[in-house]
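Please open the structure in your viewer and keep the selection panel within reach. The tour goes step by step, each time naming what to select and then saying what is there.

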Amino acid sequence: MQERISPATRISGEICLPGDKSISHRYAMLAAIAEGESRIHNYSTGADCHSTLGCVRSLGIAVHEQGSDVTICGQGLDGLKPPAGVLDAGNSGSTMRMLSGILAAQPFTSRMVGDESLSRRPMGRIIKPLSEMGASISAREGGFPPLEIRGAKLRPIDYTLPVASAQVKSCVLFAALYAGGTTVVREPVRSRDHTEIALRELGAGIRVERRVITVEGRPRLTGRELFVPSDISSAAFFLVAALLVPGSELVLRGVGLNPTRSTLLDVLASMGASIRILDVEERNGELVGKILVKSSDMRGGVIEKETTAGLIDEIPVLAILGAASREGLLVRDAGELRVKETDRIATVTENLKRMGIRCEGTPDGMRIPGRQRFRAAGLDSFGDHRIAMAFSIAALLADGVCEIRGADAASVSFPEFFGILRQVAA
Ligand code: S3P
């Protein structure tokens, strides 16, 4: 599917975006192994989180959907059934990596497959700790999907993550629920902590001290009512659009403001963004609030070290902000971008160059000089949802109509994206 996007003269309105993808995955998986019913409100509408629901159903768990409300009838830690066929994670790295932690502890063998993009993503990072815990996992040569997971009685481990990855951390924490004893996970830098919060919320024994997480095995998890905040990574596209299109003013309601995800807001503020946060409250242990953003003269700057891990999914859209900013953007320590749904260093710089933007990809980041103008061009999502959405925002700034090939990739996390974009950019 192609989308044609015209330049915008103003971004305005008040919007409420769909539920957070990261939190939705975790609630669905944990609700399946909790005891009793969980009602999840504002569940992500994206295809990725529906891949998780599909897998949960294939494991014998009843799931009822009514709009974005999802009810899951949890059967407890030992209530999953052997799936009749393969489990399909689609495009979703989160589904494959996190669910593997639960499957590793089951008294049956599961096979999990993914689409072409997921089949190129590294799984060695979860195979290693799960094997140390006693599971046996085979993958395609090089540690790529599909996976065959032979479950076992797991033993607890003390594991230091070699990469900053919340998916890998969550995979080990999920497996730890089944281990006979205390598991310790150590992070090199702090990554999103939705799993830790959700586990506490459902009754697990979990302690977090700085970057060390300790979980007790065999807890009794209890199903409950859960609210998913709007996805701050989806909000990022509209924040950047409103900051860059002159005369804009936008309100985003009910956005997740978990400090391990809101690095984006701190970085934007440090670059000169006019952003106000209002009406902050806590729901199921997660912070939620309203964001008011106005167009601003953005300075640009450097993204590196632990800041990179805190906004890894937002770098494609920040690259666009960088080119329009006064001083440009330098991104370092972001080698992980190369193993996302696409190699995002390659796909971002390719699209930027098509728009006449000078930029340079480096092994672990990119360098984009500031004060540049976007030329209208034919762009490509390369099948990556965040590339489709980031370059729709770039198109708003171009000197003519842009076409984005494969724009439907946006539905992986945010099917409503183009509808909302038209509404605010009217
Ligand atoms: C996610 C963690 C990040 C992120 C992904 C979602 C999560 O991946 O890029 O979109 O929900 O835990 P990594 O764990 O590979 O860094």
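The stops below begin at the ligand and end at two places in the backbone. Please keep in mind throughout that this is a predicted model.

**The ligand and its shell.** Select the ligand first, together with the 13 residues that surround it, of which the closest are Ser22, Arg26, Ser165, Asp313 and Lys340. If you colour this shell by residue class, you will find three nonpolar, four polar and six charged residues. The space that the ligand takes up is the largest pocket.

**Contacts to the ligand oxygens.** Next, show the side chain of Arg26, where a polar atom lies 2.6 Å from an oxygen atom of the ligand, and then the side chain of Lys340, where a polar atom lies 2.7 Å from a ligand oxygen. At Ala166, turn to the backbone instead, since a polar backbone atom there is 3.0 Å from an oxygen atom of the ligand. With the protein surface switched on, consider that the ligand has 380 Å² of accessible area on its own, and that the protein covers 94% of this area.

**Helices and domains around the ligand.** Now select α1 (21–33), α3 (93–103) and α5 (166–176), each of which supplies at least two residues of the shell; α1 gives the most, with three residues. Why does the ligand lie between domain 1 and domain 2? Colour domain 1 (2–19 + 229–424) and domain 2 (21–227) separately, and you can see that the ligand lies between them because both give residues to its shell.

**Two backbone stops.** Move on to Pro145 and Pro146, where the peptide bond from the former to the latter is cis, with omega near 5°; Pro146 has its place in strand β9 (residues 144–150). Finally, select Asp333, which lies in the loop between β19 (329–331) and α11 (344–354), and which has a positive phi of about 60° although it is not a glycine.

Terms used. Residues numbered from 1 in each chain as written. Predicted model: local features only at pLDDT ≥ 70, side-chain atom pairs only at ≥ 80, totals over all residues. Heavy atoms only, no water. Near = heavy atom within 4 Å. Polar contact = N/O pair within 3.5 Å; in protein donor to acceptor, adjacent residues only side chain to side chain. Areas by Shrake-Rupley, 256 points an atom, 1.4 Å probe, with all protein chains shown as cover. 1 Å grid on protein atoms, 1.4 Å probe; cavity = no way out; pocket = protein on both sides within 12 Å on 5 of 7 lines; lining within 4 Å. Sits in = over half its atoms within 2 Å of the grid points. Helix = DSSP H or I, 4+ residues; strand = E, 2+ residues; numbered from the N terminus. Nonpolar A, V, L, I, M, F, W, Y, C, P; charged D, E, K, R; others polar. Domains from an automatic or database assignment.
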